Amino acid sequence: MIQTQVIPLKEYNTFHIDVTALYSFFCETEQDIFEILNTDIVKEKNILVLGGCSNMLFTQDVDDVVIFMRNKGIEIISETAENVFVKVSAGEVWDEFVEYCVSNNFGGIENLSLIPGTTGASPVQNIGAYGVEVKDVIFETEAIEILTGKKRIFNNKECNFAYRNSIFKEELKNKYIVLNVTFRLSKFPVLKLSYGNLISEIIHENSTIKDVRDAVIRIRESKLPNTDILPNAGSFFKNPIISNEHFTKLIKQFPQLVSYPAEDGKIKLAAGQLIDLCGWKGKKENGVGVHDKQALVIINYGNAAGKSILQFSEKIQNSVFKKFGVNIDREVRVYP
Ligand code: EPU
């Protein structure tokens, strides 16, 4: 375990916000985590667990104890005729795990190619893209309780997965640290191509999950900016879910609105389109701006402070509410 005192976080968060962390630990093994939980500083401070830090906006220096999960390991733990169960340590880079699955022809997460971050964050956030959510393939999640140091296994149901949400962001927020995730993958992959332009991108017969991965990478690279060049945190907002009644009124006024059926007869709208229709796409103010190819993405063009980015995002939320009467919630976590 490597412990440092004050460290700059700029290179560790994809928004490249220039803040520092007072106490930080890089955990390479489970034992490292147990040791940290026994230190005096943890009894006085909150813990902030960071993986790839690709979904975080810091608005001030971090006074919590920062734990960087860097434990590694990908292991096949069992197999059936149809499935393979793979246990992956939280610190594994997500896309490296996707690549491992695709090269072994284990199907299920190829649509989630190139999502930034680590595997430990995948159940917390229930990451999703191109018609797949990670909840569809998570078998169980093992986590450690911060207060007691006890390990617990959460089966899929116990994770309470919902759109970009789970028990780890709600009732058990900041109470557990994910150690590893076990995925149930398919030995006979069925391609999931229902999402928009995925079908047109995969044109030949007998396409493989490698073709799906390549297509997803092409689409993502064309729409989502590289965080090393244009620092950002992916979708800044979640797609809003509104009542059918509200939708019926809106669609009369704005017939171009994209919509998807959501739970309980509700309707999900595309936040990016709402922001786009408010005229924000490509707009820049004081080093902060909206990406010109995907209005859901906010970019730190200069050395913007987290607070300025937050204020900019609130202006966007206000204008969407004014035009459509729809609240768009943040997907990005804001510290503190
Ligand atoms: N649209 C616009 N203007 C824009 C952006 C989008 O009109 O500036 C329209 C598009 O034309 C499309 C619709 O809105 O008809 C949806 O857009 P897109 O397919 O790009 O997906 P999204 O809903 O904007 C979601 C996820 C992304 C994920 C993509 C692909 C959320 C908040 N975002 O975006 O996830 O990659 O679908 O599945 O659910 C992330 O979470 O960080 C992320 C990038």
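**Close-up 1. Strands S15 and S17 pair in the antiparallel sense.** In this predicted model, two bridges join S15 to S17, which covers residues 267-269. For a pair of residues to look for, start with isoleucine 242: its bridge partner in S17 is isoleucine 267. Step back a little and an open sheet of three strands comes into view, ordered S15-S17-S16 with antiparallel pairing. Its edge strands are S15 (241-242) and S16 (259-261), each of which pairs on one side only.

**Close-up 2. An open sheet of four strands runs in the order S14-S20-S19-S18.** Here, too, the pairing is antiparallel. S14 and S18 (284-285) are the edge strands, and each pairs on one side only. At the S18 end, two bridges link S18 with S19 (residues 288-290) in the antiparallel sense. Which residue of S19 is the bridge partner of lysine 284? That partner is glycine 289. Keep S14 (232-235) in mind for the ligand views, as this strand supplies at least two residues of the shell there.

**Close-up 3. Strand S13 is mostly covered.** S13 spans residues 176-186, and 10 of its 11 residues are buried. Two other strands pair with S13, and both are worth following by eye. S8 (residues 83-89) is joined to S13 by seven bridges in the antiparallel sense; here valine 86 stands opposite phenylalanine 183 of S13. S11 (residues 138-145) also pairs with S13 in the antiparallel sense, over seven bridges. Along that pairing, look for isoleucine 144, which stands opposite isoleucine 177 in S13. A handy reminder for this view: in a regular strand, side chains alternate between the two faces of the sheet.

**Close-up 4. The ligand lies between domain 2 and domain 3.** Domain 2 (74-220) and domain 3 (225-335) both give residues to the shell around the ligand, so the ligand sits between them. How many residues surround the ligand? There are 24, and those that come nearest are Tyr130, Tyr163, Tyr195, Asp276 and Glu331. Sorted by class, the shell has 11 nonpolar, six polar and seven charged residues. Helix H6 (209-223), strand S14 (232-235) and helix H8 (271-277) each supply at least two residues of this shell. The largest share, three residues, comes from H8.

**Close-up 5. Oxygen atoms of the ligand meet arginine 164, alanine 295 and glutamate 331.** The side chain of arginine 164 has an N or O atom 3.0 Å from a ligand oxygen. With alanine 295, the backbone takes part instead: one of its N or O atoms lies 2.8 Å from an oxygen atom of the ligand. Glutamate 331 uses its side chain, where an N or O atom is 2.8 Å from a ligand oxygen. Taken alone, the ligand exposes 820 Å², and the protein buries 82% of that.

**Close-up 6. Asparagine 206 sits in the loop between helices H5 and H6.** H5 covers residues 198-201, and the loop with asparagine 206 connects to H6 after it. Is asparagine 206 buried or exposed? Its relative accessible area is 70%, and the cut-off for exposed is over 50%, so asparagine 206 counts as exposed. For a sense of distance, find leucine 172 as well: the two residues are 34 apart in sequence, and their C-alpha atoms are 44 Å apart in space.

Methods
Residues are numbered from 1 along each chain as its sequence is written. This is a predicted model: local features need pLDDT of at least 70, side-chain atom pairs count only at pLDDT 80 or more; totals for chains, interfaces and linings use all residues. Side-chain values use heavy atoms; hydrogens and water are left out. A residue is near a molecule or strand if one of its heavy atoms lies within 4 Å of it. A polar contact is a pair of N or O atoms within 3.5 Å; within protein, one must be able to donate a hydrogen and the other to accept it, and residues adjacent in sequence count only if both atoms are side-chain atoms. Accessible areas come from the Shrake-Rupley method with a 1.4 Å probe; for residues, only the protein chains shown count as cover. Ala, Val, Leu, Ile, Met, Phe, Trp, Tyr, Cys and Pro count as nonpolar, Asp, Glu, Lys and Arg as charged, and the others, Gly among them, as polar. Domain bounds come from an automatic or database domain assignment. Two strands pair if DSSP finds at least two bridges between them. Buried means under 20% relative accessible area, exposed over 50%, partly exposed in between (1.4 Å probe, protein chains only).
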